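Here is a short report on two helices, the core around them and one buried histidine. Keep the model open while reading.

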Amino acid sequence: DVYLTIDARVQHVADVALQEAVTGGTGTAAACVVIDVQTGGIVAMSNYPTYEPERFIGGISQDTWDAYQTEESHYPLMNRAIAGTYPAASCFKAFTGLAGLTYGFADTTRTWDCTGTWTGFGDEFPQKCWLETGHGYITFREGVIESCDTVFYEIAKDFYNARGTIGNEAMQDFIKEFGYAASTNIDLSGEAEGRIPTPQWKQEYFRDVPEDMSNMVIGQGYVLVTPIQVARAYAAVATGKLLRPHLLKEVRNSLGETVMSFETVEDYHPDVDESLLAVMQDALHGVATENSSVAADFGQYSWSAAAKTGTAEVAGKQDMAWFSCYAPYEEPRFALSLCLEEGGSGGTTGSPIAARIMDAAIRSLDGSLDEQITAIPATGVNEQSSSSSSNSDDEEDSEE
């Protein structure tokens, strides 16, 4: 028997939360990953819309198969958590901000003047802060909490101007230390690697212009990430260790004896000073406690968190909502990444969902989560609901 790291009750909370969000009009599709920051075990991996697995018993009809592959159905067979590639939005600022701290382009004393429009690369390349009226003079910590784009544009400009001494790819190389633009090597097939645009890549596909750097620094432009990469990277911010995510917990024989178990693998230790990591951790804690909308969602629980919002612009579609966090802040145990396609603002729509799922993980850990597991209805294609019910026992780990 194969036992997974998935916590069936937390998985159900995540499944229901995503289903309620999408069917309630928040977004068109969603994915969420919860990872144990101490082991790399996946506690929940949720996607919506979903499908009915029994449709495949005895062979699936061509009509149903074709219906699963349409834009209208939002591709329910796709495991967005590992195969969906999306612009990272402001959740990326945790890593570009750490890059700025590491290279001395940001610190705890410096301030920047955000007027709402930034022309640091010249008047021909104006770029807006999300707050078009401007934040005024703002510190690095405040820049993370308020997600001020101007602070990060300035960091990008410093990297660009210093490229003759630190190299063209200094920021990109630092970001990759947190597992971006590479497979996480999770024990599932079909994983996407995403993309961190480098000068070489841009020379092959596009002309190299300065604002590419300032787009990348805020997680826009040609940056592509997967939800599992973001969850894993936030776990690394929490612990300083980049662990390999996995779903296999153990294998037991017919006598119930454990004959195989997964050993935690530390793939990399990002080269960042602990004092600088603490600066970012404190700033992310400020998002969860001082950002008004996020603090309202997370403040109702007994635990504290570190968090970051994100709102990605996607051509021809509504904004994509991101939310990433880890908790408890003092002794991190779980990291979470949530993506709502066309879901709007991460701070508005993503925050309450992420808080709800994180609370389930923490309560399951202490034994206080009482969750009745039911089937999640499939949507997106014209299917008849199955009368079969989800079979579950009281064990923490799901059994396959």
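## Helix 4

This is a predicted model. Just after helix 4, Gly-104 has a positive phi of about 80°. Helix 4 itself covers residues 93-102 and is mostly covered, with nine of its ten residues buried. The buried set is Lys-93, Ala-94, Phe-95, Thr-96, Gly-97, Leu-98, Ala-99, Gly-100 and Leu-101.

## Helix 11

Helix 11 is also mostly covered: twelve of its 13 residues are buried. The buried residues include Pro-227, Gln-229 and Arg-232, along with Tyr-234 and Val-237. Just after helix 11, Gly-240 takes a positive phi of about 85°.

Does the length of helix 11 fit, and what are the figures to compare? Helix 11 runs over residues 227-239. At 1.5 Å a residue, its 13 residues should span 18 Å. The end C-alpha atoms are 19 Å apart, which agrees.

## Where the two helices cross

The axes of helix 4 and helix 11 come within 10 Å. They cross at roughly 45°. That angle is neither under 35 degrees nor in the 65 to 115 range, so helix 4 is oblique to helix 11.

Which residues make the contact between helix 4 and helix 11? Ala-94, Phe-95 and Leu-98 come from helix 4. They meet Ala-233, Tyr-234 and Val-237 of helix 11. An α-helix has 3.6 residues a turn, so residues three or four places apart point the same way.

## The nonpolar core

The largest nonpolar core has 116 residues. Phe-92, Phe-95, Phe-140, Phe-178, Tyr-180 and Trp-322 touch the most other members. Helix 11 gives the most to this core, with nine residues. In soluble globular proteins, nonpolar side chains tend to be buried together.

Tyr-180 shows how such a residue is surrounded. Beyond its neighbours within four places in sequence, Tyr-180 contacts Phe-92, Phe-95, Ile-175, Ile-196 and Val-225. Tyr-180 also contacts Gln-229, Val-230 and Ala-233, and these three are among the buried residues of helix 11.

## A buried histidine

His-12 lies in helix 1, residues 8-23. Is His-12 buried or exposed? Its relative accessible area is 5%. The cut-off for buried is under 20%, so His-12 counts as buried.

Leaving out residues up to four places away in sequence, His-12 touches Glu-371, Gln-372, Ile-373, Thr-374 and Ile-376. With Thr-374 there is a polar approach: the backbone nitrogen of Thr-374 lies 3.1 Å from a polar atom of the His-12 side chain.

How values were computed
Residues are numbered from 1 along each chain as its sequence is written. This is a predicted model: local features need pLDDT of at least 70, side-chain atom pairs count only at pLDDT 80 or more; totals for chains, interfaces and linings use all residues. Side-chain values use heavy atoms; hydrogens and water are left out. Helices (H or I, at least four residues) and strands (E, at least two) are DSSP runs, numbered from the N terminus. The expected span of a helix is 1.5 Å times one less than its number of residues. Buried means under 20% relative accessible area, exposed over 50%, partly exposed in between (1.4 Å probe, protein chains only). A nonpolar core is a set of buried Ala, Val, Leu, Ile, Met, Phe, Trp, Tyr and Cys residues joined through side-chain atoms within 4.5 Å. Contact means heavy atoms within 4.5 Å. A polar contact is a pair of N or O atoms within 3.5 Å; within protein, one must be able to donate a hydrogen and the other to accept it, and residues adjacent in sequence count only if both atoms are side-chain atoms. Axes are lines fitted to C-alpha atoms, for helices over the stretch in contact, and angles run from 0 to 180 degrees between N-to-C directions. Angles under 35 degrees count as roughly parallel, over 145 as roughly antiparallel, 65 to 115 as roughly perpendicular and the rest as oblique.
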